[in-house]
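I am keeping this notebook while I look through one structure, and I write down each thing I looked up in the order I turned to it.

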Amino acid sequence: MNNDIRAKYKGSWIERLVTLGTDGWYGQDKLGLIVANVTGYLATLSSLGFAATYAMHEMHSLMPLVIGNLVSAVCTAMTPAFHRIGRISAALWLTAVFFVSLTWFTSLLGRDSGVALNLIGTAAVAFAILGLERLKLVALISAGGAALIIGSWVLWPQPAPGIHDDAAFMQQTFASAIVSIMAITFVVIYYAFYLTRQAQARLQELMKSMMPDAIAERLMANDGETIAEAHEHVVVLFSDIVGFVEMSNRLGAVRVVALLDDMFRQFDALAAEHGVEKIKTIGDAYMAVAGVPSPVYQPEDAMARFAKMMLHVVGDVGERHGVDLQMRIGMASGPIMAGVVGKSKYSYDVWGAAVNLAARLEHIGTPGCVVTTGDIKVVLHKDHKFERAGSVDLKGFGNVAIWRMDCSMKTG
């Protein structure tokens, strides 16, 4: 199902029907309950179809089967009512309905009707609903279905007395049973795989929103891989909003979140446009690099263009949200290390002198300017305006000559 089809049915009665009773459940539990719903609805339609078929052939002698299929249809349609307990209860409910109804139908129609063969599908349905997390229960349900098929074959070789047993009718019943179980099994397994692929796609999107695409793909291909790399030439940028804490107290949580969301969304789009990689945000701070995880031609130029556009965005966002926003930006270059840390909560991060220097430059920066070093000035002086801001004794770096870049973009 492609994106257009998903968009068409999103929020429709079909989606509401298949997700009925699954509110409050997440992950594999929710997927299992959705599969249980689909299974129940398909079984309901199948039972109604059999009831209509029996009623048209021999209403009088087949009345128990008509009534039994109608009762079975009601029971399977009630599957969402059991979701409050969990997917185990949904699986057990459907299993009980299938075991009881199909065994009883076989006792009336006999083994040549093929009705008992529908029990083969209980193994596939149990797997689709319960997954590998409940493998023992799936095995138990599968064994129960096999035992009932064998028992039905032995116990009921012929139809019960008084049941319509015309040869053509039995052949039709057998064919209908096979088609029914194959169709239900196909649809249920297909839908289970579809939901799993959708969940995997969402996971991939989440991973790629947390780290570079290439790193996310490596991690998903082998989550045991240790990802640690050294990069010789990278440009690092730190930024933050001037007076953010005071502004937050004044605006309140809702307005602050809306403002940051607006600003960071635009920063992310600009980063992608200029070949810059966002590393993380911490409160109002935004950290990005150029040259990681893959080398970038002239990373200084890519980061400088990105930084200038950031200042444009800050001014626009402040005006849109009715506040005077000013931003400090620090930018430094040099070798760094990068890698993935954590296990249950992955994080892609970078370390090194250039990272520390960019952070310190941002801290002492001038609002509305990009504060940087002489190394970057040498590379960019032909395309950007620089002004000397003196020298500062920075912890871990000693006396560093500071330059302000593109202060004509100053926002305040």
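**Overall build**

I began with contacts between residues at least 6 apart in sequence, and I found that 68% of these in the protein join residues at least 24 apart. I should keep in mind throughout that this is a predicted model.

Next I looked up the secondary structure, and the protein has 14 helices and eight strands. The radius of gyration is 33 Å, whereas the globule rule gives 22 Å for 412 residues, so I note the protein as more spread out than a compact globule. I then looked up the span of the C-alpha trace along its principal axes, which is about 105 × 45 × 30 Å.

For the surface, I wrote down an accessible area of about 21000 Å², and carbon and sulfur atoms account for 61% of it. Of the 412 residues, 45% count as buried.

**The largest cavity**

How many cavities of 30 Å³ or more does the count give? I found two cavities of that size, and I took the largest one to begin with, which has a volume of about 280 Å³.

Its lining is made up of 20 residues, and those that lie nearest the centre of this cavity are S46, S47, F98, L102 and N118. I then asked which helices each supply at least two residues of this lining. They are helix 3 (27–57), helix 4 (63–77), helix 5 (87–109), helix 6 (121–130) and helix 8 (167–210). Helix 3 gives the largest share of the lining, with five residues.

By class, I counted ten nonpolar and ten polar residues in the lining of the largest cavity, and no charged ones.

**The second largest cavity**

The second largest cavity has a volume of about 40 Å³. I list its lining residues in full, since the list is short enough to trace by eye: A91, L94, T95, F98, T122, V125, A126 and I129. Helix 5 and helix 6 each supply at least two residues of this lining. I noted that F98 belongs to this lining and also lies among the residues nearest the centre of the largest cavity.

The lining of the second largest cavity divides into six nonpolar and two polar residues, with no charged residue.

**The second largest pocket**

I turned from cavities to pockets, and looked up the second largest pocket, which holds about 330 Å³ of space. It is lined by 17 residues, of which Q28, F127, A128, G131 and T196 are the closest to its centre. Helix 3, helix 6 and helix 8 are the elements that give two or more residues to this lining, and the largest share, five residues, comes from helix 8.

Which classes do the residues of this pocket lining divide into? I wrote down eleven nonpolar, four polar and two charged residues.

**The loop between strand 3 and helix 12**

I then followed the chain to the loop between strand 3 (285–290) and helix 12 (299–321), where P293 is found. The peptide bond that leads from V292 to P293 is cis, with omega near 0 degrees.

Q298 has its place in the loop between strand 3 and helix 12 as well. Phi of Q298 is near 50 degrees, which is a positive value in a residue other than glycine. Is Q298 buried, partly exposed or exposed? Its relative accessible area is 40%, so I recorded Q298 as partly exposed.

**Two single residues**

I looked up G151, and found this residue in helix 7 (residues 135–155). With a relative accessible area of 22%, G151 is partly exposed. I also checked how far G151 is from K308: the two are 157 residues apart in sequence, and their C-alpha atoms are 78 Å apart in space.

My last entry is on Y346, which lies in the loop between strand 4 (327–341) and strand 5 (347–351). Buried means under 20% relative accessible area. The value for Y346 is 18%, so Y346 counts as buried. From Y346 to I88 there are 258 residues along the chain, and the C-alpha atoms of the two are separated by 31 Å.

Methods: Residues are numbered from 1 along each chain as its sequence is written. This is a predicted model: local features need pLDDT of at least 70, side-chain atom pairs count only at pLDDT 80 or more; totals for chains, interfaces and linings use all residues. Side-chain values use heavy atoms; hydrogens and water are left out. On a 1 Å grid over the protein atoms alone, a cavity is a set of points where a 1.4 Å probe fits but cannot get out, and a pocket is an open set with protein on both sides within 12 Å along at least five of seven lines; lining residues have an atom within 4 Å of a point. Grid points are joined across faces, edges and corners, and a volume is the space filled by probe spheres set on the points. Helices (H or I, at least four residues) and strands (E, at least two) are DSSP runs, numbered from the N terminus. Ala, Val, Leu, Ile, Met, Phe, Trp, Tyr, Cys and Pro count as nonpolar, Asp, Glu, Lys and Arg as charged, and the others, Gly among them, as polar. The radius of gyration is taken over C-alpha atoms; the globule rule is 2.2 Å times the number of residues to the power 0.38. Buried means under 20% relative accessible area, exposed over 50%, partly exposed in between (1.4 Å probe, protein chains only). Contact means heavy atoms within 4.5 Å. Accessible areas come from the Shrake-Rupley method with a 1.4 Å probe; for residues, only the protein chains shown count as cover.
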